[in-house]
Amino acid sequence: MPKQSTIRVLTVDSELEFSVQPTTTGKNLFDQVVKSIGLREVWFFGLQYIDSKDSTGWLKMDKKILSQDVKKDKDSTVLLDFRAKFFPEEVGEELIQEVTQRLFYLQIRDYILKEEIYCPPETAVLLASYAVHAKFSDYDKEVQKPGFLAIERILPKRVLDQHNLNKSEWEERIVSWYSEHRGMLKEDAMIEYLKIAQDLEMYGVNYFDIKNK
């Protein structure tokens with residue numbers, strides 16, 4: 001019997017593990033992943049890998065996984081990232097499923113915080129207010145007391161470095177917007193975040209880390 005290989009797939013909010021045969025194609029695995037997470041809007045997504053030269057690429061769906069130049073870790077496990085590959089122009093109209101909206105929201109938020117998508121300071125504060133609402137729901141000053149954002153990573157480092165404000169001053173600015181979102185569902189806060197993000201200049205651009213070969 002052919003030896004099975006272990007593949008670990010990382011989504012933006014979970015980790016999945018699969019055993020595959022030498023004959024398993026990218027499409028076979030992709031179908032297992034989307035079934036596991038309950039995703040129907042599959043056409044936006046793909047599986048990303050690191051190759052033997054430490055460059056990033058997209059797994060080819062019609063080819064056997066193990067015949068592609070996928071890098072393995074020390075215990076021969078293949079690591080793949082499940083990521084959005086194509087980005088809708090109108091997120092409010094094109095992203096229907098809540099799981100799709102959440103995956104896009106988490107991925108785009110991560111890009112902004114890592115500064116892979118440039119975001120002006122004013123916009124970053126507004127986005128942060130929606131991110132806070134998506135996490136905590138309605139603002140309640142009895143629950144969200146001063147300092148509640150102290151350990152939250154919600155603004156890009158460049159924005160923090162450009163302005164001489166302390167944590168409490170940043171929090172005040174974010175809360176002034178956050179308090180206006182009262183009555184909004186967490187899911188709607190994610191969509192509002194994406195609606196603003198889709199107008200940023202680098203939205204929808206996939207960055208790959210390419211090392212010197």
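## Helix α4 against helix α6

The axes of α4 and helix α6 (residues 167-178) come within 8 Å of each other and cross at roughly 70 degrees. That angle makes α4 roughly perpendicular to α6, since angles of 65 to 115 degrees fall in that class. The crossing of the pair is right-handed. The model described here is a predicted one.

On the α4 side, the residues that meet α6 are Val125, Leu126, Ala128, Ser129, Val132, His133 and Phe136. Their counterparts in α6 are Trp170, Arg173, Ile174, Trp177 and Tyr178. Sorted by class, this contact holds 9 nonpolar, 2 polar and 1 charged residues.

## Helix α4 and its surroundings

Helix α4 has 16 residues, and the distance from its first C-alpha to its last is 22 Å, close to the 22 Å expected at 1.5 Å a residue. The helix is mostly covered, with 12 of its 16 residues buried. The buried residues are Pro121, Ala124, Val125, Leu126, Leu127, Ala128, Ser129, Tyr130, Ala131, Val132, His133 and Ala134.

These buried residues do not face α6 alone: they pack against α3, α5 (157-162), α6 and α7. Among the buried residues of α4 are Val125, Leu126, Ala128, Ser129, Val132 and His133, each of which also takes part in the contact with α6.

## Helix α3 against helix α7

A second helix pair is formed by α3 and α7, whose axes come within 9 Å and cross at roughly 50 degrees. The two helices are therefore oblique to each other. The crossing of α3 and α7 is left-handed, whereas that of α4 and α6 is right-handed.

From α3, the contact draws on Glu98, Gln101, Arg102, Phe104, Tyr105, Ile108, Arg109 and Ile112. From α7, it draws on Glu187, Met190, Ile191, Tyr193, Leu194 and Ala197. By class, the residues of this contact divide into 9 nonpolar, 1 polar and 4 charged.

## Helix α7

Helix α7 covers residues 186-197; at 1.5 Å a residue its 12 residues should span 16 Å, and its end C-alpha atoms are 17 Å apart, which agrees. The buried residues of α7 are Ala189, Met190, Ile191, Tyr193, Leu194 and Ala197. An α-helix has 3.6 residues a turn, so residues three or four places apart point the same way.

The buried residues of α7 pack against α2 (91-94), α3 (98-113) and α4 (121-136). Met190, Ile191, Tyr193, Leu194 and Ala197 are among the buried residues, and they also belong to the contact with α3.

## Lysine 195

Lysine 195 lies in helix α7. With a relative accessible area of 35%, lysine 195 is partly exposed, because that class runs from 20% to 50%.

Which residues does lysine 195 contact, leaving aside its neighbours within four places in sequence? They are Val91 and Gly92. Glycine 92 is 103 residues away from lysine 195 along the chain, yet their C-alpha atoms are separated by 6.8 Å.

## Loop residues with positive phi

Two loop residues that are not glycine have positive phi values. Glutamate 115, in the loop between α3 and α4, has a phi near 65 degrees. Its relative accessible area of 26% places glutamate 115 in the partly exposed class.

Serine 137 follows α4 and is located in the loop between α4 and α5. Its phi is about 70 degrees, a positive value although serine 137 is not a glycine. Serine 137 is partly exposed, with a relative accessible area of 26%.

## The chain as a whole

The protein chain has 7 helices and 5 strands. Read from the N terminus, its elements follow the order β-β-α-β-β-β-α-α-α-α-α-α. The C-alpha trace spans about 60 × 40 × 30 Å along its principal axes.

Of the 213 residues in the chain, 43% are buried. Among contacts with a separation of 6 or more, 67% join residues 24 or more positions apart. One contact of lysine 195 is with Gly92, a residue 103 positions from it along the chain.

Methods. Residues numbered from 1 in each chain as written. Predicted model: local features only at pLDDT ≥ 70, side-chain atom pairs only at ≥ 80, totals over all residues. Heavy atoms only, no water. Helix = DSSP H or I, 4+ residues; strand = E, 2+ residues; numbered from the N terminus. Expected span 1.5 Å × (residues − 1). Buried < 20%, exposed > 50% of the residue type's maximum accessible area, 1.4 Å probe, protein only. Contact = heavy atoms within 4.5 Å. Axes fitted to C-alpha atoms, helices over the stretch in contact; angles between N-to-C directions. Parallel < 35°, antiparallel > 145°, perpendicular 65-115°, else oblique. Left-handed = near helix turned anticlockwise from the far one by under 90°. Nonpolar A, V, L, I, M, F, W, Y, C, P; charged D, E, K, R; others polar.
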